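Student: I would like to learn how to read a strand and a domain interface. Where should we start?

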Amino acid sequence: MVTKSTVKEEALQKIKVTKTTHSRLSEVDFNNLAFGKMYADHMLVADFDGKEWKNPVIMPFQNFSVSPSNAAWHYGQAIFEGIKAYKDPQDNPMIFRPYDNYRRFNASAERMGMPSVPEWLFIGGMDMLIDMDRDWVPTGPGCSLYLRPFMIAADEFIGVRPSDTYRFAIINSPSGPYFNKPIKLLVQDKYVRAFPGGVGYAKAAGNYGGTMYPTMQARKQGYDQILWVDGYEHKYLQECGTMNVFAIIGNTAVTPDLTQGTILEGVTRASVIDVLTDMGLTVEERPVSIDEIVDAYKTGALREVFGTGTAASVAYVEELDYQDVQIRLDTTKYTTGAEVIARLDGIRTGRAADPRGWNYIVGEK
């Protein structure tokens, strides 16, 4: 039976550690953290040689040396995850639901024709890495240590086929809030993010690359993100930029279902569904059309709209525009979203009970 202790023991046996001789911790202003701009002292790196993972090492954060013919540049075999670590009142670093991200990472790897990453490397290695960089975990409101596991193809070959070799790495970034104010969304009914049968459910780099141009155009119009809809009828909600989406209609929370394989199976999404259920709301995972949202707004039944994601956590939507319809919401009256944020923050920082065992305590024997 594989247990947390055996996974950590295997990681400790296999992963070499080279500590930095010059910490950059003193350079960090923990009272003014931007998102994703500063990186912790160490990173985890391992290589797949076509048969097995080799040379795992925790080393000082540094650049990679990569060939111009690297297959990832040319054919897009690249996946990643976003995970957060917090500190409890006893100053213990805790990773929020890393096993859910681990399972999703390997699901993405399978869809992209890449090798799976073993538990000792992903979970055990992350434990070791955060244990070393525990002083980098911020404790300010809305702050966390953002963890970025990723894998890229490593073959130096220009030819359309899956790579034989790969590199896996984890880097860490002390970060503030992704959004520091309510956001404005444009419902995109021209460009399409994902179709059934595609890679929409995978956290593949190309999913984000394909959204850059439409998002740039939306931002020129004053929007923060795009709310994507389906590619067939251009009316069923998918997800918004870096987040899943929820609407509170009356006493019911609705969110697009996962059955089409076009949206990410968000870890924060799953957490919010559980929290909303604990709060006594009915949660419906089903097709949600923009027409339903518009109708609910016009009748006064639409109480709240918010996005959920690891980076963004829970982001209030204050404006939602679709064709000639403008939806304006008073986010100061978001009682449901506020309660969700309070409950999640309490669990993630160890200030509230964790009955589902979401938190992984770093360094725990």
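Tutor: We take one strand, then the contact between two domains. This is a predicted model, where local features need pLDDT of at least 70, side-chain atom pairs count only at pLDDT 80 or more, and totals for chains, interfaces and linings use all residues. Residues are numbered from 1 along each chain as its sequence is written, and side-chain values use heavy atoms, without hydrogens and water.

Student: Is strand E15 mostly covered or uncovered?

Tutor: Strands are DSSP runs of E, at least two residues, numbered from the N terminus. Buried means under 20% relative accessible area with a 1.4 Å probe, protein chains only. In E15 (residues 302-309), 7 of the 8 residues are buried, so defined.

Student: Which strand does E12 join by 6 bridges?

Tutor: Two strands pair if DSSP finds at least two bridges between them. E12 (residues 244-249) runs antiparallel to E15, with Phe246 bridged to Phe306. E15 also pairs with E16 (residues 313-322) in the antiparallel sense, over 4 bridges; a hairpin of 3 residues joins E15 to E16.

Student: How much area do domain 1 and domain 2 bury between them?

Tutor: The size of an interface is often given as the accessible area lost when the parts come together. Here that loss, computed with a 1.4 Å probe and summed over both parts, is about 1600 Å², 59% of it on carbon and sulfur atoms. Phe80, Arg104 and Arg111 supply 36% of the area that domain 1 buries against domain 2. The domain bounds, 4-177 + 353-361 and 183-333, come from an automatic or database domain assignment.

Notes
Buried < 20%, exposed > 50% of the residue type's maximum accessible area, 1.4 Å probe, protein only. Buried area = accessible area lost by both parts, 1.4 Å probe.
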